[in-house]
Amino acid sequence: MRDWNSQGRNREARLARTASLARGKRVPAADARALLEAVLEPGDRVCLEGNNQKQADFLASALASVDPAKVHGLHMVQSVLALPEHLDLFERGIATKLDFSFSGPQGGRLAKLVGDGKISIGAIHTYLELFGRYFVDLTPQVSLVAAQAADADGNLYTGPNTEDTPVIVEATAFKRGIVIAQVNELVDHVPRVDIPGGWVDFVIQSPRPHFIEPLFTRDPAQISEVQVLMAMMAIKGIYAEYEVNRLNHGIGFDTAAIELLLPTYADSLGLKGKIGRHWALNPHPALIPAIEAGFVESVHSFGSELGMEDYIRARPDVFFTGPDGSLRSNRALCQAAGHYACDLFIGSTLQVDLAGNSSTATLGRIAGFGGAPNMGADARGRRHASPSWLKAGREAGEGRNTIPRGRKLVVQMVETFREHMQPAFVERLDAWELAESAGMELPPVMIYGDDVSHILTEEGIANLLLCRTDEEREQAIRGVAGYTPVGLKRDRRMVENLRDRGVIRRPEDLGIDKRLATRDLLAARSIKDLVRASGGLYDPPKRFRNW
């Protein structure tokens, strides 16, 4: 007879091995390593909560310290590799396989470990893709998560940085897995129940608060006049023309410049109430002036941002907050909103090829993609209409005998040269060579060219929706690639023809005077200006203070 409850029996065996360590659901921090060695089995799929911002850092250190003779061959399935401990696992042989979304600061070290054969990469996922696989074929047997507080029953309060916790815990708990949470404090009653105690097996009070990275904070003092010019083109040449009201911004100074031009330049164009009203976006401090000016009506967030807590609490009409006043973020739901409910995604990248394919995975650095492939993809399952979606669809389908349909605006906003004068435009993405060296089935492309609607550089805007042949598309891209090798190979006559048709538009074609593209247009020119704009509610992290 088949045992239809083998997973349940395995769970009971794991829990039985922890009997001497736990008092109810609580385990002392000193016993964290022993708990992990008792719960884990060789070859387990393990989700260690590493998000864009919130890190289960105490549990990461504990896991990296286990005895490889007892715990080895783990398959790590986690969103973000942010901490050194996330890769220490592989150097020590505790883990061997990895499925992830983004590596950020660990990108260089990850590439080296892959090259040395110490990490086998299953896939570089987008967030929604990885979350989906948690419920299909990458369900964690053990998950290690982080929360703000827990009560005696194991109910968790995640506070503003909920991020990935709900999807991780639900996938694990309802397939008879083990959930271990590190918390900043143990309380009698949590302010609100973000994760029910019935889904949590063990709670450990960490000796220190879990690490949170202010990933989305950009100091306006670092925004250049080139970025101001590009932001002006984005607002006048894309946002205004398509009536963009539901949108997502990627991380960076380019998009921060757009946010800071809304109350000034966009307002001077009479665009308040016409663009930028509903956002799927972390609470960027750079958005404060636009919120205060009445541009922004709502913001749903993937995660929170350090220092924005009091401001969010004071603006409940804008943000999604609980009865306690703190933000309720949720990466899975916000990714779904960004994919289906938003009309525009605008972000940057490291390399763009002649077809518009882009990637942040380059030689010597595997940064991953995060949510960009969801945000930056035409949602083919979408069925609701909006002016932006319909206009982009008409442009893409003009002259073609096809059924009418809409199209998402996906904008790649890049300066023609990156840091160290590396060209952003290339004939061939590094992703091809990276795939070969790492044994990947496909080159790690972040956003495929056929999803990209516009490429925006300091040279102008290339509207790829209006291109009708591969040659036109290539020349449109070369036409805004500036003095890069790719740009210098443009067919000048064809580029001018594309400009005549409006496929390529320079600043002057949009009626933008480059002499006006100065930092004076920014609604805030320093972090201190953002604090003032918030009425003193924004409390930036110390590293952003220079006063």
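**Stop 1: helix α2**

Select residues 32-39 of this predicted model. That stretch is helix α2, and it's mostly covered, with six of its eight residues buried. Which ones are they? Colour Ala 32, Leu 35, Leu 36, Glu 37, Ala 38 and Val 39, and you have the buried set.

Now bring up what sits over them. The cover includes two helices, α1 (6-16) and α3 (57-64), along with the strands β5 (142-150), β7 (178-186) and β8 (202-205).

**Stop 2: from α3 to a loop**

Stay with α3 for a moment and pick Asp 57, which lies in that helix. Show its side chain together with Arg 208: the two meet in a salt bridge, 3.9 Å from N to O. Arg 208 belongs to the loop between β8 and α8 (225-242), and the partners are 151 residues apart, so this pair links distant parts of the chain.

Are these two buried or exposed? Asp 57 is buried, because its relative accessible area of 10% is under the 20% cut-off. Arg 208 counts as partly exposed, because its 38% falls between 20% and 50%.

While you have salt bridges in mind, select Arg 14, Arg 17, Glu 41 and Asp 44, which are linked in a network of them. In the whole model, the count comes to 35 salt bridges.

**Stop 3: a loop residue with many neighbours**

Next, click on Leu 138, in the loop between α6 and β5. Although Leu 138 is in a loop, it counts as buried, at 4% relative accessibility.

What does Leu 138 touch, leaving aside its neighbours within four places in sequence? Select Arg 45, His 75, Val 77, Asp 99, His 125, Leu 130 and Arg 133 to see its contacts. Try a distance label on one of them: Val 77 is 61 residues away along the chain, yet its C-alpha atom is 7.2 Å from that of Leu 138.

**Stop 4: zoom out to the domains**

Time to colour by domain. The domain assignment gives you three:

- domain 1 is 20-212
- domain 2 comes in pieces, 215-226 + 244-341 + 513-537
- domain 3 is 343-505

Keep domains 1 and 2 on screen. Their C-alpha centres lie 31 Å apart. Between them they bury about 1,600 Å², with 53% of that on carbon and sulfur atoms. On the domain 1 side, highlight Gln 53, Pro 160 and Arg 192: they supply 34% of the area domain 1 buries against domain 2, more than any other three residues.

How many residues are in contact here? There are 19 from domain 1 and 20 from domain 2. You can also look for polar contacts, with 15 residue pairs found across the interface. Select helix α6 (residues 127-134) too, since this helix gives the largest share of the domain 1 side, three residues. That side as a whole divides into eight nonpolar, seven polar and four charged residues.

**Stop 5: Arg 331 and its two partners**

There are four salt bridges between domain 1 and domain 2. To see one residue at work in this kind of pairing, select Arg 331. It forms a salt bridge with Glu 163, where the closest N and O atoms are 2.1 Å apart. Arg 331 also forms one with Asp 164, and there the closest N and O atoms are 2.7 Å apart.

Where do Arg 331 and Asp 164 lie? Arg 331 is in helix α12 (residues 331-341), while Asp 164 is in the loop between β6 (156-157) and α7 (165-173), so the pair ties together parts that are 167 residues apart in sequence. Both Arg 331 and Asp 164 are buried.

**Stop 6: a pair within one helix**

For another kind of pair, go to helix α11 (residues 309-313). Asp 310 and Arg 313 are both in this helix, three residues apart, or about one turn. They form a salt bridge too, with the closest N and O atoms 3.4 Å apart. Asp 310 is partly exposed at 43% relative accessible area, and Arg 313 is partly exposed at 40%.

**Last stop: Gln 227**

Finish in helix α8, where you'll find Gln 227. At 10% relative accessibility, Gln 227 counts as buried. Which side chain does it meet in a polar contact? Show Asp 254, at 3.4 Å. Then add the rest of the residues Gln 227 touches, not counting those up to four places away in sequence: Gln 222, Phe 253, Ala 257 and Glu 415.

Terms used: Residues are numbered from 1 along each chain as its sequence is written. This is a predicted model: local features need pLDDT of at least 70, side-chain atom pairs count only at pLDDT 80 or more; totals for chains, interfaces and linings use all residues. Side-chain values use heavy atoms; hydrogens and water are left out. Domain bounds come from an automatic or database domain assignment. Contact means heavy atoms within 4.5 Å. Buried area is the accessible area (1.4 Å probe) that two parts lose on being put together, summed over both. A polar contact is a pair of N or O atoms within 3.5 Å; within protein, one must be able to donate a hydrogen and the other to accept it, and residues adjacent in sequence count only if both atoms are side-chain atoms. Helices (H or I, at least four residues) and strands (E, at least two) are DSSP runs, numbered from the N terminus. Ala, Val, Leu, Ile, Met, Phe, Trp, Tyr, Cys and Pro count as nonpolar, Asp, Glu, Lys and Arg as charged, and the others, Gly among them, as polar. Buried means under 20% relative accessible area, exposed over 50%, partly exposed in between (1.4 Å probe, protein chains only).
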